[in-house]
Amino acid sequence: MRRSLLALTAIATALALSPATSGAGEMKDSWVTTKAKMAMVKDDRVKARRGKVATVDEKTAAEEIARGIDGATSISNALQVVPDDLRPSVDAKDEELAKTVKARLDKEDRLKEAGIQVRADNSVVTLIGKIADPKLKARAADLTRGVPGVKAVRNELAQKS
């Protein structure tokens, strides 16, 4: 517990020292996301870990918490409901699925160079990163959908500015 509190204090301090707004005065998505995660850590109703919760009530509570964060303009609740007794097998399967997707993306030079991050939650694969060519976003999603075991793809790839 003490280690967790120290880590949260370090994160909060680092965030307090970094700019929380864009040049236009809007709050950055990453800052809003961090504030929401910190609020969920403090709330006993939510024990979200790596994109998963144990019950529908926990998922609903997480969304309520996120809606209460200053700067949040919309909420995308992608938490997966996975009962605690199924958690170890689902986590192991997701880890292997993410590795398989990453290996498939890395076979293409332009995608490998993009440094795309891959996360799998209950067989739903999320692609994260910034890419130079918008066509690569579609290509990465197509390759991911072709991996056996992928139920859905959340393509959060953004174009580099």
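## The three-stranded sheet

In this predicted model, three strands make up an open sheet whose order is β3-β4-β5, with mixed pairing. The edges are formed by β3, covering 117–121, and β5, covering 152–159, each of which pairs on one side only. From one strand to the next, the twist averages 15°.

Strands of a sheet pair through backbone hydrogen bonds, and they do so in either a parallel or an antiparallel way. Both kinds of pairing are found here, since the sheet is mixed, and they can be taken one at a time.

## How the strands pair

β3 and β4 are antiparallel to each other and are joined over five bridges; within this pairing, Ala120 has Val125 of β4 as its bridge partner. The two strands form a hairpin with two residues between them, and in this hairpin Asn122 adopts a positive phi near 55°.

On its other pairing, β4 (residues 124–131) runs parallel to β5, and eight bridges join the two strands. Among these partners, Val124 is matched with Ala152 of β5, while Ile131 is matched with Gln159 of β5.

## Helices against the sheet

Helix α4, which spans residues 87–106, packs on the sheet and touches β3 and β4, and its direction makes about 150° with that of β3. Helix α6, spanning residues 134–145, lies across β4 and β5 and runs at about 160° to β5.

Which handedness does the β-α-β unit of β4, α6 and β5 have? The unit made by these three elements is right-handed, and the two strands that belong to it are the parallel pair joined by eight bridges.

## The protein as a whole

The protein contains six helices and five strands, and its elements, followed from the N terminus, come in the order α-α-β-α-β-α-α-β-β-α-β. Of the contacts with a separation of 6 or more, 61% are accounted for by residues 24 or more positions apart.

Of the 161 residues in the protein, 30% count as buried. The exposed area of the protein comes to about 10,400 Å², of which carbon and sulfur atoms supply 54%.

## Confidence in the model

The average pLDDT of the protein is 81, and 81% of the residues score at least 70. Over residues 1–19, however, the pLDDT is below 50, and this stretch has six contacts in the model beyond near neighbours in sequence.

Conventions
Residues are numbered from 1 along each chain as its sequence is written. This is a predicted model: local features need pLDDT of at least 70, side-chain atom pairs count only at pLDDT 80 or more; totals for chains, interfaces and linings use all residues. Side-chain values use heavy atoms; hydrogens and water are left out. Two strands pair if DSSP finds at least two bridges between them. Helices (H or I, at least four residues) and strands (E, at least two) are DSSP runs, numbered from the N terminus. Axes are lines fitted to C-alpha atoms, for helices over the stretch in contact, and angles run from 0 to 180 degrees between N-to-C directions. Contact means heavy atoms within 4.5 Å. pLDDT is the predictor's confidence in each residue, from 0 to 100. A crossover is right-handed if, with the strands pointing away from the viewer, the path from the first strand over the helix to the second runs clockwise. Buried means under 20% relative accessible area, exposed over 50%, partly exposed in between (1.4 Å probe, protein chains only). Accessible areas come from the Shrake-Rupley method with a 1.4 Å probe; for residues, only the protein chains shown count as cover.
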